[in-house]
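Reader: Could you take a close look at one part of this model for me, the salt bridges, and then walk outward from there into whatever surrounds them? I'd like one connected account rather than a list.

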Amino acid sequence: MHVVHVVSQFVASPTTVHWATVLRILRYLRGTVFQSLLLSSTSSLELHAYSDADHGSDPTDRKSVTEFCIFLGDSLISWKSKKQSIISESSTEAEYRAIASTTKDIVWLRWLLVAMGMSFSHPTPMYCDNQSSIQIPYNSVFHERTKHIEIDCHLTRHHLKYGTIALPFVPSSLQNADFFTKAHSISRFRFLVGKLSMLVAAAAS
């Protein structure tokens with residue numbers, strides 16, 4: 001997801017470097033053709049999400065990248081890796097924008113599941129590894145750090161107040177959305193793949 005997000009920015013004027021990267025992506029896909037997401041019939045029907053951001057990660061325009069993944073029980077059902085539309089002045093702002101984007105997806109998924117007959121008695125936890133961005137929705141005062149952030153980002157505060165979401169902290173080492181932010185070592189990559197409930201399906205005969 002991450003590497004496709006990066007290479008897709010050069011479709012208008014690709015070079016041999018980008019072509020080599022695309023070939024490597026295709027080799028990876030060929031080698032993992034039987035690796036699938038597990039959608040377990042015995043999984044719980046509780047939503048939980050992980051939200052993250054890579055601050056100023058694009059060296060060309062210094063824009064940050066929003067990443068999130070949302071689970072229904074143990075099953076991964078929604079994910080995203082997308083460059084933010086404007087430059088964030090701090091990692092806190094980048095993470096807060098990612099939280100707002102994740103909130104929108106959670107609200108839509110809760111609405112969809114309610115329409116399918118489910119009910120929610122608890123807020124949907126959204127795990128974040130940035131303490132400062134978690135504190136912003138709890139603070140109703142627009143201070144120097146947040147007064148320049150667009151109003152739509154503050155919808156997180158509304159949904160936190162009305163119990164749609166909760167914002168527990170998670171250490172970066174356990175942040176599943178980190179999978180979508182950057183390249184990783186082989187051991188870290190395999191660890192995160194395991195957290196996403198990826199299994200190797202048997203090849204069709």
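Author: Let's fix the term before anything else: a salt bridge here is a side-chain nitrogen of Lys or Arg within 4 Å of a carboxyl oxygen of Asp or Glu. By that rule the structure, which is a predicted model, holds two salt bridges.

Take the pair in helix α3. Glu93 and Arg97 meet through their side chains, with 2.7 Å from N to O. Because they sit four residues apart in helix α3, about one helical turn separates them. Glu93 is buried, and Arg97 is buried as well.

The other pair is Asp178 with Arg188, where the closest N and O atoms are 3.4 Å apart. Asp178 belongs to the loop between β6 (165–166) and α6 (186–195), while Arg188 is in helix α6, so this bridge ties together parts that lie 10 residues apart in sequence. Asp178 counts as buried too, at 9% relative accessibility.

Now for the surroundings, starting with the overall layout. The protein chain has six helices and seven strands, and along the sequence they run α-α-β-β-β-β-α-β-α-α-β-α-β. Of its 205 residues, 40% are buried. If you look at contacts between residues at least 6 apart in sequence, 65% of them join residues at least 24 apart.

Helix α3 leads us straight inside. The largest nonpolar core has 16 residues, and those touching the most other members are Leu47, Ile70, Ile106, Met126, Ile165 and Leu167. Two or more residues each come from β2 (47–54), β3 (65–72) and α3 (91–115). The biggest share is from α3, with four residues. Ile70 is a handy place to stand in there: leaving aside residues up to four places away in sequence, its contacts include Leu47, Ala49, Leu76, Ile77, Ile106 and Leu109. Polar neighbours are on that list as well, among them His48, Ser75, Ser78 and Asp105.

There is also a second, separate core of 10 residues, with Cys69, Phe71, Phe179 and Phe180 among its members. Phe180 then takes us to Ser81, which it touches. Ser81 is in strand β4 (residues 75–83) and is buried, with 9% relative accessibility. Besides Phe180, Ser81 touches Met1, His2, His5, Val65, Thr66 and Glu67, again not counting residues up to four places away in sequence.

Since Cys69 came up, a word on cysteines. Cys69 is buried, at 0% relative accessible area, and Cys128 is buried with a value of 0% too. As for disulfides, the count is zero, where a pair would need its cysteine sulfur atoms within 2.5 Å.

Finally, step outside. The accessible surface of the chain comes to about 11,800 Å², and carbon and sulfur atoms account for 61% of that. One nonpolar patch, about 510 Å² in area, is made by Trp19, Leu23, Leu26, Tyr28 and Leu29. Leu29 is in helix α2 (residues 16–31) and is partly exposed, with a relative accessible area of 48%.

Notes:
Residues are numbered from 1 along each chain as its sequence is written. This is a predicted model: local features need pLDDT of at least 70, side-chain atom pairs count only at pLDDT 80 or more; totals for chains, interfaces and linings use all residues. Side-chain values use heavy atoms; hydrogens and water are left out. Buried means under 20% relative accessible area, exposed over 50%, partly exposed in between (1.4 Å probe, protein chains only). Contact means heavy atoms within 4.5 Å. Accessible areas come from the Shrake-Rupley method with a 1.4 Å probe; for residues, only the protein chains shown count as cover. Patches are made of residues with over 30% relative accessible area and no salt bridge: like charges are joined within 9 Å, nonpolar side chains (Val, Leu, Ile, Met, Phe, Trp, Tyr) within 5 Å. A nonpolar core is a set of buried Ala, Val, Leu, Ile, Met, Phe, Trp, Tyr and Cys residues joined through side-chain atoms within 4.5 Å.
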